[in-house]
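Thanks, everyone, for making the time this morning. I would like to walk you through one structure, and I will put it on the screen before saying anything about it.

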Amino acid sequence: MSQSRRKPDGAGVTMLNLGTGHAALLAVSVYSLRKHYDGPIVVFCDEKSQPYTDLVCRDGNCTKVEISGLEDVKHRSYTMKPQLPAMSPFTHTLQLDTDIIVTGDFSEMWPYHDEELVLTQFSSWVSQGRMMSSRISMFQDVQPELTRKQMGRPYPAINTGVLSYGNRNQVARKEWLEVTEQKSGKFIVDEIAMQILSSKKCRVMDDRYNCSPFYGVNQDKAVIWHFHGSKHLRKEKGRRLWLPVFKEACKEHFADVQRWAVETDKFLAKEPELCTT
């Protein structure tokens, strides 16, 4: 184990796996996480993803929680992610997307107390940039004050692939979902909702803890890589990072991923030889 700061009592990791498209990504994420963390992990899943989640939880020593009654609609994960804080069984939660790999000590991501919210910056982007200001503007009609604050100064651009919170933080547990639902169905609405909420009290970590292989500014110090937008195999930079971990998981037959990855990942389906050990 490589963690240096002590994990808070009652702390744990949560992840969300909906459908089958990210099942192989989940396996690789948990496989890499277990090299640096031996605490509890809860994976929330739907009925469709359950068979693969079962295998990952078996070999990754995770707890599976099935969410029933989810509609199979576009962008449903964006409105489901903000529900996880209220569902987390932990006093301090590190919430991770499934398309990440962990490569080092992430202990600074744990909240220092049960009311703290810890967010991660995307690259060196800020709220006043062209891309971010365009996205933030969708909330002008329903959250004019929060939107105005984001436009008024360069807040760090937030990516919700990696974040943490204490179980008494109301931004994570309540406000995130409320704001997200005001624009439900929009692209990455959960992320932009947390963006405008980031003007409230929180701690923002640099992109070492949520590093893009394409836009990251701290790639030489990355602790958590995030292959946002299915970039684990689409481009060479992502492949160089993700494939060795995937192949290692296949070699060790972790979750039997070498057997079913081509069934669930459209990129691996085009290159089935990558699953051979």
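I will take the strands around β8 to begin with, then the nonpolar cores, and then the pockets.

Please keep in mind throughout that this is a predicted model, so that everything I quote is computed from predicted coordinates.

Let me start with strand β8, which spans residues 162-166 and is mostly covered, with five of its five residues buried. If we look at the two sides of β8 separately, Val162, Ser164 and Gly166 are buried on one side, while Leu163 and Tyr165 are buried on the other, and both faces of the strand are therefore covered, taking buried to mean under 20% relative accessible area.

Which strands pair with β8? One of them is β4, residues 92-96, which pairs with β8 in the antiparallel sense over five bridges, and within that pairing histidine 92 stands opposite glycine 166. Another is β6, residues 117-126, which also runs antiparallel to β8 and is joined to it by two bridges. In that second pairing, leucine 117 has tyrosine 165 of β8 as its bridge partner, and valine 118 stands opposite serine 164.

Now, β6 deserves a moment in its own right, since it is mostly covered, with seven of its 10 residues buried, and it pairs with other strands as well. With β9, residues 203-205, the pairing of β6 is parallel and runs over three bridges, and here valine 118, which we have just met opposite serine 164 in β8, stands opposite arginine 203 in β9. With β7 the pairing of β6 is antiparallel over two bridges, and valine 126 stands opposite proline 156 there.

Turning to the packing, the largest nonpolar core has 54 residues, of which Phe106, Trp242 and Phe246 touch the most other members. Helix α1, residues 23-33, supplies the largest share of this core, namely nine residues. For phenylalanine 246, if we leave aside residues up to four places away in sequence, the contacts are with Val28, Val257, Ala261, Leu268, Leu274 and Cys275. Apart from this core lies another one, of 30 residues, and among its members are Leu84, Leu146, Leu163 and Val171; Leu163, you will recall, is one of the buried residues of β8.

That brings me to the pockets. The largest pocket holds about 1,100 Å³ of space, and of the 42 residues that line it, His22, Ser77, Tyr78, Asp99 and Gly229 are the closest to its centre. The elements that contribute two or more residues to this lining are β1, α3, β6, α5, β7, α8 and α11. Sorted by class, the lining of the largest pocket comprises 14 nonpolar, 16 polar and 12 charged residues.

What is the volume of the second largest pocket? It is about 180 Å³, and its lining divides into three nonpolar, three polar and six charged residues. Among the residues that line this second pocket are Leu117, Val171 and Arg203, and these names tie back to earlier parts of the talk: Leu117 is the bridge partner of Tyr165, Val171 belongs to the core of 30 residues, and Arg203 stands opposite valine 118.

I will stop there and take questions.

Key:
Residues are numbered from 1 along each chain as its sequence is written. This is a predicted model: local features need pLDDT of at least 70, side-chain atom pairs count only at pLDDT 80 or more; totals for chains, interfaces and linings use all residues. Side-chain values use heavy atoms; hydrogens and water are left out. A nonpolar core is a set of buried Ala, Val, Leu, Ile, Met, Phe, Trp, Tyr and Cys residues joined through side-chain atoms within 4.5 Å. Buried means under 20% relative accessible area, exposed over 50%, partly exposed in between (1.4 Å probe, protein chains only). Helices (H or I, at least four residues) and strands (E, at least two) are DSSP runs, numbered from the N terminus. Contact means heavy atoms within 4.5 Å. Two strands pair if DSSP finds at least two bridges between them. On a 1 Å grid over the protein atoms alone, a cavity is a set of points where a 1.4 Å probe fits but cannot get out, and a pocket is an open set with protein on both sides within 12 Å along at least five of seven lines; lining residues have an atom within 4 Å of a point. Grid points are joined across faces, edges and corners, and a volume is the space filled by probe spheres set on the points. Ala, Val, Leu, Ile, Met, Phe, Trp, Tyr, Cys and Pro count as nonpolar, Asp, Glu, Lys and Arg as charged, and the others, Gly among them, as polar.
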